[in-house]
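Reader: I would like a close look at a single part of this structure, with enough of its surroundings to place it. Please take one helix and follow its residues outward.

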Amino acid sequence: MAQNVIRFQAKQTRAKRQLAEAIDAQLALFTDEEVPPHEREAVRNLLHRIAHPNSEENIWPGGYCMISRQQTEAVWDAIRKLSPEQRPNQVRHAFDLVLLYLRQDTGEVMLTRHEMAKKMEASPDNVSRVMSTLEEMDVVTRKRRVVKGVRGPGQVVYFINPYVAWNGRLDVRQRAAAKTAPPSLKLVQPGEVEP
């Protein structure tokens, strides 16, 4: 007689997860005029952190990130080939932070530029330069979320290239990868213009 193995989940954790899911479902009822997209995503990111805390995420404490040995080696080799002006140590640190702070269902990097700067002990401007290097290598992509009432192009949000790594369900990764080009890992040297 086979028995089902059930993973223990504390009542409080289960209640928080159910509440976060209910709030997310309610959030979907509002139009973009009522709740602007940047605010909606900020709430969804917060709900994700509540519903999937590091100690409870997935089967392994702290969660996991899927990245093949070959892809890891390719990214690390490309980072090592960077010139000293491109700060390879900081690029590697940023890459590691990207892998540690992926949102499970979207591949979004869950750190703001200022949070990343604090963790890297660097200025936010330097983080932007380092993340631009990862973007040039096709490791991450950059999108902008327009913030209502704030001038400018919007808040920068980074996403991992699904060919590089993924944190979440495989079917979601495959759909995202179908819309994304594989990384070239071609390095653009300072002052060089991409063709």
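Author: What follows starts with the chain as a whole, then turns to one helix and its contacts, and ends with a second helix for context.

The model is predicted. The chain has 7 helices and 2 strands, and from the N terminus on the elements run α-α-α-α-α-α-β-β-α. Of the 195 residues in the chain, 37% are buried. The accessible surface comes to about 12500 Å², and carbon and sulfur atoms account for 55% of that surface. Among contacts between residues at least 6 apart in sequence, 54% join residues at least 24 apart.

The part chosen is helix α2, which covers residues 37-51. Its 15 residues should span 21 Å at 1.5 Å a residue, and the end C-alpha atoms are 20 Å apart, which agrees. The buried residues of α2 are His38, Arg40, Glu41, Arg44, Asn45, Leu47, His48 and Ala51. That list includes Glu41 and Arg44, and both of these take part in salt bridges. The buried residues of α2 pack against α1 and β1.

Glu41 is a good residue to follow. Within the helix, Glu41 forms a salt bridge with Arg44, with the closest N and O atoms 3.8 Å apart. Arg44 and Glu41 are 3 residues apart in α2, so about one helical turn separates them. Glu41 also forms a salt bridge with Arg145, where the closest N and O atoms are 3.7 Å apart. Because Glu41 lies in helix α2 and Arg145 in strand β1 (residues 140-145), this pair ties together parts that are 104 residues apart in sequence. Glu41 and Arg145 are both buried.

These pairs belong to a wider arrangement. Asp24, Glu41, Arg44, Glu108 and Arg145 are linked in a network of salt bridges. In the whole structure, a search finds 9 salt bridges. One more of them joins the side chains of Arg142 and Glu135, at 2.7 Å from N to O. In contrast to the buried pair of Glu41 and Arg145, Arg142 is partly exposed, with a relative accessible area of 28%, and Glu135 is partly exposed as well, at 25%.

The outer surface can be picked up at Val43. Leu19, Ile23 and Val43 make a nonpolar surface patch of about 240 Å². Leu19 lies in helix α1, residues 11-27. Its relative accessibility is 53%, so Leu19 counts as exposed; the cut-off for that class is over 50%.

For context, consider helix α4, residues 88-100. This helix has 13 residues and reaches 18 Å from its first C-alpha to its last, close to the 18 Å expected at 1.5 Å a residue. Its buried residues are Val91, Ala94, Phe95, Leu97, Val98 and Leu99. The cover over these residues includes α3 (69-80), α5 (113-120), α6 (124-136), β1 and β2 (155-160).

The largest nonpolar core holds 28 residues, and within this core Met116, Met131, Leu134 and Val139 touch the most other members. The elements that give two or more residues to this core are α3, α4, α5, α6 and β2. Helix α4 gives the largest share, 6 residues. Leaving out residues up to four places away in sequence, Met131 touches Ala94, Val98, Met116, Val140 and Tyr158. Two of these, Ala94 and Val98, are among the buried residues of α4.

Gln90 is another residue of α4. At 23% relative accessibility, Gln90 counts as partly exposed. Apart from neighbours within four places in sequence, Gln90 is in contact with Met120, Ala122, Asn126 and Val130. Gln90 and Val127 are 37 residues apart along the chain, and their C-alpha atoms are separated by 8.4 Å.

Beyond α4, Thr112 sits in the loop between α4 and α5. Thr112 counts as partly exposed, at 32% relative accessibility. Thr112 and Pro124 are 12 residues apart in sequence, and their C-alpha atoms are 9.5 Å apart in space.

To return to the helix chosen at the start: the buried residues of α2 pack against α1 and β1, and the salt bridge between Glu41 and Arg145 is part of the network that also includes Asp24, Arg44 and Glu108.

Methods:
Residues are numbered from 1 along each chain as its sequence is written. This is a predicted model: local features need pLDDT of at least 70, side-chain atom pairs count only at pLDDT 80 or more; totals for chains, interfaces and linings use all residues. Side-chain values use heavy atoms; hydrogens and water are left out. Patches are made of residues with over 30% relative accessible area and no salt bridge: like charges are joined within 9 Å, nonpolar side chains (Val, Leu, Ile, Met, Phe, Trp, Tyr) within 5 Å. Accessible areas come from the Shrake-Rupley method with a 1.4 Å probe; for residues, only the protein chains shown count as cover. A salt bridge is a side-chain nitrogen of Lys or Arg within 4 Å of a carboxyl oxygen of Asp or Glu. Helices (H or I, at least four residues) and strands (E, at least two) are DSSP runs, numbered from the N terminus. Buried means under 20% relative accessible area, exposed over 50%, partly exposed in between (1.4 Å probe, protein chains only). Contact means heavy atoms within 4.5 Å. The expected span of a helix is 1.5 Å times one less than its number of residues. A nonpolar core is a set of buried Ala, Val, Leu, Ile, Met, Phe, Trp, Tyr and Cys residues joined through side-chain atoms within 4.5 Å.
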